[in-house]
Amino acid sequence: MSATTDARCGRPEGPRGLPVWGRCAVMGVVNVTPDSFSDGGRWFEAETAVKHGLDLVAQGADLIDVGGESTRPGAARVDEDEELRRVLPVVRDLADEGVVVSVDTMRASVAARALAAGAALVNDVSGGLADPRMVPAVAETGAPFVVMHWRGRSIDMNNRAVYTDVVGEVLAELRESIHRAVCGGIDPERIVVDPGLGFAKRAEHDLALVAALSRLRTELGLPLLVAASRKRFLGRVLAAEKGAAPPPARERDAATAAVSSLAAREGAWAVRVHEVRASADAVRVAHAVEQAAEALPHTVAPVPEAKDTEATA
């Protein structure tokens, strides 16, 4: 199982069915929710959410991820009708403006309706586990599908953050989800994987997964989405450095951009971020550095001559 790759560096270009940007893409987040951990309520009205999505594109986003249900730790689920009411007008209007739209949902019905309204990608944080109808619904449309590492619903996911070897266990569990998706009819060349930073993970788990991005990408052989934006582990890193309380979510954008740069250098297909401009700049600089490295002359250092160590009479 492998994605189409860039001949220069063996890097997955991305899932079939989406544009090829030639570098790490930037996925801007539009939360049409009143209770998101980072910006809940700011873009709750459809007209405001659409304007925000277009603003993110103007700041450098390549695609926009629209979600109508908060997945922050402890969040309760919204009902299906409410999620549809929140999401569909925003997806439709952004798609009508020519924006590449992803729908962030765990419900097959919402995914199907959003794809019919113009969405190009389904981003399911449960990797198809929350709704048994999801994989068949996506397979029927042929849409690209994000399989995220997930151990359970937001209401109790913190209790599931127990690992002996977080990288090895996340790899194994992602392989199982990928297998289920492929057996359910989804083309493996249309699958993206996401290690699920912040989902049933503590700060040390998230940092270990960021450190292992190259391994995750190489061993899974699929395009990798990295969604570190404003998450708790970044706040804890900053707090430990300063000896203070973690900064609020909206003050973690510089830290997010640092992870975006690392992810781009490790071959991630895309980063998912709330504040686009800094991460858009970061991935473009990382790409320019990579191109400069490829252009350097590859010279072979001369082999030093062996010294004559034979004893003289």
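**View 1. Burial across the whole chain.** Of the 313 residues in the chain, 53% are buried, a word that stands for a relative accessible area under 20%, whereas exposed stands for over 50% and partly exposed for values in between, with a 1.4 Å probe and protein chains only. The model is a predicted one, in which local features need pLDDT of at least 70 and side-chain atom pairs count only at pLDDT 80 or more, while totals for chains, interfaces and linings use all residues. Residues are numbered from 1 along each chain as its sequence is written, and side-chain values use heavy atoms, with hydrogens and water left out. The chain has ten helices and eight strands, taken from DSSP runs (H or I of at least four residues for helices, E of at least two for strands) and numbered from the N terminus.

**View 2. Strand β8 and the strands that pair with it.** Strand β8, residues 270–273, is covered on both faces, since Ala270 and Arg272 are buried on one side, and Val271 and Val273 are buried on the other. In a regular strand, side chains alternate between the two faces of the sheet. Strand β1 (residues 25–31) pairs with β8 in the parallel sense over four bridges, where pairing requires that DSSP finds at least two bridges between two strands. Strand β7 (residues 225–226) also runs parallel to β8, joined to it by two bridges. Ala270 in β8 stands opposite Ala25, and Leu225 stands opposite Ala270 as well.

**View 3. Ser177 in helix α5.** Ser177 belongs to helix α5, which covers residues 166–183, and is buried because its relative accessible area is 4%. Apart from neighbours within four places in sequence, Ser177 is in contact with Gly127, Leu129 and Val147, where contact means heavy atoms within 4.5 Å.

**View 4. Two loop residues with positive phi.** Most residues other than glycine have a negative phi. Ala200, which is not a glycine, has a positive phi of about 55 degrees; Ala200 lies in the loop between β6 (191–194) and α6 (203–211) and is buried, with a relative accessible area of 0%. Arg230 also has a positive phi, near 60 degrees, and is found in the loop between β7 and α8 (232–242), where Arg230 is buried at a relative accessible area of 6%.

**View 5. Two cysteines.** Cys24 is buried, with a relative accessible area of 2%, whereas Cys183 is exposed, with a relative accessible area of 58%. A search of the whole structure finds zero disulfides, a disulfide being a pair of cysteine sulfur atoms within 2.5 Å.
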